[in-house]
Each structure stands twice: as C-alpha cells, then as structure tokens.
Amino acid sequence: MSNGIIERLEDVTPTVVRAMSAADNPRLRAVMEAFVRHIHAFACEVKLTEAEYDLGIDFLNRIGQATNDSHNEGILFADAIGFSTLVCLLNNGNGGATETAAALLGPFWRANSPRTENGASIVRSPTPGPELFVACEIVDTAGKPLADVEVDVWQSSPVGLYENQDETQADMNLRGKFTTDANGQFSFRSVKPAGYPVPTDGPVGDMLRAQHRHPYRPAHIHFLGFKPGHKTLVTQIFVDDDEHLHTDVVFGVTRALVGDYRRHDHGEPLAAGVRAPWYTLNHRLVMENGEAILPKPPIK
Ligand code: BEZ
Ligand code: FE
C-alpha cells in the first residue's frame, strides 16, 4: 500500500478509496468506494485515451449546460443508456425478482397538476385527435383496492408534444391530479397520445446519432400514484400498436405496462358528441408496500 505518493498505476484506486474512507455516512462511503473502483476499472478495461477522457468530460459538462427549468438532459442521458430502467427494476418488484408496475419517471413530470374530478377531461385547450376514455384501478400487492391514492397523470398530445414543449397548448393541458374512489378506481377523458422523439439538440442527441439509434418513444400515458404507507408508484402505460413499442429509445417498456388501447369504430360512444374512432384503456396498477416519497420534479 502506498503512503499517498502514487508509485505505479495499481496504487491509484486504493489510494483514492482510502482518502474517502473517513466519510461519516456509511452509505456514502460504500457507494463512493464502489463508484471509484468501477470507474477506474472501466478506464483500464477500455484503455481510455486522453482524447476520450476529454470528450467524456466535455460530454458531462454539456449535459449540465443543457439542463434548465424546462429541460433535464441529465435524466435524458440516464434514460437513454438504460440506467433509469435498471435502477427502477432494482428498487421495485422485489429487486427485479417479480413483475412490477413501476417505470422510469422521464423528464416531463410537473408538480401541481390541476385537481380533476373522476370522469372529467384533461383536455384544457383544443387538442385535435381520437378521443380516449381511461379507467384504471389501483390495488395493493394482495389485490385489495386502494382508495384515496392521489394520481398525477401526464401525456403528450396526438402530435407527440407535451404542453411545456408546445406553445399552442394551454398550461397544464393533458395533465391532471385524480383521487381513487372507494373501489380504488379513477377515470378521465383525454385524447390518444402519440409517440415522440426525445429532444436531440443536446449531447444525448449526438450520442444517439453516433450509435445510429432512432430517438422515438412509443406512445404512452404517465401515472404517479401517491398514498402514505405505500411506495410511490411512478409508471407509464404504453399504446400496444405503436411502431416503436419494441425499440423504445429509453428502454422503458416492460410486459406489464403494455396497455389495451382498444379502438371503437361502431356502437354507442361513452359520451355525447364523440366521433368514431374512439379508444378506451382499462388498466390495473399494483402499488407495493414501502415509503411514500415524491421524486423531485425534473422541470418546473
Ligand atoms: C417521457 O416519457 O416523458 C420521457 C422519458 C425519457 C426521456 C424523454 C421523455
Ligand atoms: Fe413521456
């Protein structure tokens, strides 16, 4: 073991780990030690050149510079390398052992969505597209319906834009906050979301182009369920006939989250004035036991 003077390559990792070992927080100690060991091992494995090191540092700096109140490039990068889904599955569904209803948060959740009555619409400004009627049930892991879950909903429009990306949409269009009833159910009217490309004008876009990857997410609706005594459920329900269902750029699609967005061409619509085709989505979501912690909103 060196005395802090680095004599050879092999001295670097243990010297750094030892320098960090006085941290009072044992979790900080464990996480940082493993991080340093792994990132050093990574550099050794690929024999990282100085030019590649410079490029990597520049990439990190550009992620920070591209992040602001309305865009989160850091989350986008974690998503685009599958890291968000990996961490999601590590922390839900018994550490990946069982199926989970959870999925990555993505960069577009906003706090303070408008409270909306069950059955009401989240279309808050003219948004042309096929109408959609969503009815969901939230149960615990024993299948018991969960009443009084606060559920945030957010989705893109039928042209694939969230309201914060689109000046033609009203503030909070296609967003709402619902409360499950005594049967664990909540419902709302909307329009069918479209798939969309993730933002590609920053460093993540450069990475995708270099890897010849398309930037699309399959269409989906986001949900965030919050109830004290239960692990906050962050999830998305995907449109089953989307052309990118099997190649989501951020690896968010799991079997449990493919929804049954059923097309209706005939028959009595669910409300007056609805023109065919319209769609329905019925889905059951499971909330696991755990702590009700809200994530930090990625944008304002
Ligand atoms: C989203 O679903 O909103 C999303 C997730 C990851 C990257 C970009 C967008
Ligand atoms: Fe999304």
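H244 is a good place to start: with a relative accessible area of 13%, this histidine is buried, since the limit for that class is under 20%. H244 sits in the loop between β8 (233-238) and β9 (261-264). Please keep in mind that this is a predicted model. Below you will find the overall build, the iron site, two helix packings around α7 and a residue from the segment after β10.

**Overall build**
- The protein has seven helices and ten strands.
- Along the principal axes, its C-alpha atoms fill a box of roughly 80 × 40 × 30 Å.
- Of the 300 residues in the protein, 41% are buried.
- Taking the contacts with a separation of 6 or more, 70% come from residues 24 or more positions apart.

**The loop residue H244**
- Once neighbours within four places in sequence are set aside, H244 is in contact with H214, Y216 and P218.

**The iron site**
- Which residues coordinate the iron ion (ligand 2)? Two tyrosines, Y162 and Y196, do so through OH, and two histidines, H220 and H222, through NE2, at 1.8 to 2.1 Å.
- Along the chain, these donor residues follow the spacing Y-x33-Y-x23-H-x1-H.
- Y196 belongs to strand β5 (residues 196-197) and H222 to strand β7 (residues 220-226), so this pair ties together parts that lie 26 residues apart in sequence.
- Why is the arrangement irregular? Six donor atoms surround the iron ion (ligand 2), and the angles they subtend run from 55 to 164°. For an octahedral label, opposite donors would have to be over 155 degrees apart and all others between 65 and 115, so the angle of 55° rules that label out.
- As a reference point, six ideal octahedral donors would give angles of 90 or 180 degrees.
- Are the donors Y196 and H222 buried or exposed? Y196 is buried, at 4% relative accessibility, and H222 is buried too, at 2%.

**Helix α7 with α3**
- Helix α3 (residues 50-65) and helix α7 (residues 203-210) have axes that come within 9 Å and cross at roughly 130°. That angle makes α3 oblique to α7.
- On the α3 side the contact uses F59, R62 and I63, which meet P203, V204, D206 and M207 of α7.
- By class, the residues of this contact are five nonpolar, no polar and two charged.

**Helix α7 with α4**
- The axes of helix α4 (residues 73-80) and α7 also come within 9 Å, here crossing at roughly 25°. α4 is therefore roughly parallel to α7, as angles under 35 degrees are classed that way.
- E73, L76, F77 and A80 in α4 meet P203, V204 and M207 in α7.
- This contact is made of six nonpolar, no polar and one charged residues.
- P203, V204 and M207 of α7 take part in the contact with α3 and also in the contact with α4.

**I293, after β10**
- Where is I293 found? I293 is in the segment after β10 (278-287).
- Is I293 buried or exposed? Its relative accessibility of 51% makes I293 exposed, the cut-off being over 50%.
- Not counting residues up to four places away in sequence, I293 touches F226 and T232.
- I293 and H230 are 63 residues apart in sequence, yet 9.0 Å separate them in space, C-alpha to C-alpha.

Methods: Residues are numbered from 1 along each chain as its sequence is written. Chains are lettered from A and ligands numbered from 1 in the order in which they are written. This is a predicted model: local features need pLDDT of at least 70, side-chain atom pairs count only at pLDDT 80 or more; totals for chains, interfaces and linings use all residues. Side-chain values use heavy atoms; hydrogens and water are left out. Donors are N, O and S atoms within 2.8 Å of the metal (3.2 Å for Na, K and Ca); water is not among the atoms, so sites may look incomplete. Four donors count as tetrahedral if all angles lie between 85 and 135 degrees; four count as square planar and six as octahedral if opposite donors are over 155 degrees apart and all others between 65 and 115; anything else is irregular. Helices (H or I, at least four residues) and strands (E, at least two) are DSSP runs, numbered from the N terminus. Buried means under 20% relative accessible area, exposed over 50%, partly exposed in between (1.4 Å probe, protein chains only). Axes are lines fitted to C-alpha atoms, for helices over the stretch in contact, and angles run from 0 to 180 degrees between N-to-C directions. Angles under 35 degrees count as roughly parallel, over 145 as roughly antiparallel, 65 to 115 as roughly perpendicular and the rest as oblique. Contact means heavy atoms within 4.5 Å. Ala, Val, Leu, Ile, Met, Phe, Trp, Tyr, Cys and Pro count as nonpolar, Asp, Glu, Lys and Arg as charged, and the others, Gly among them, as polar.
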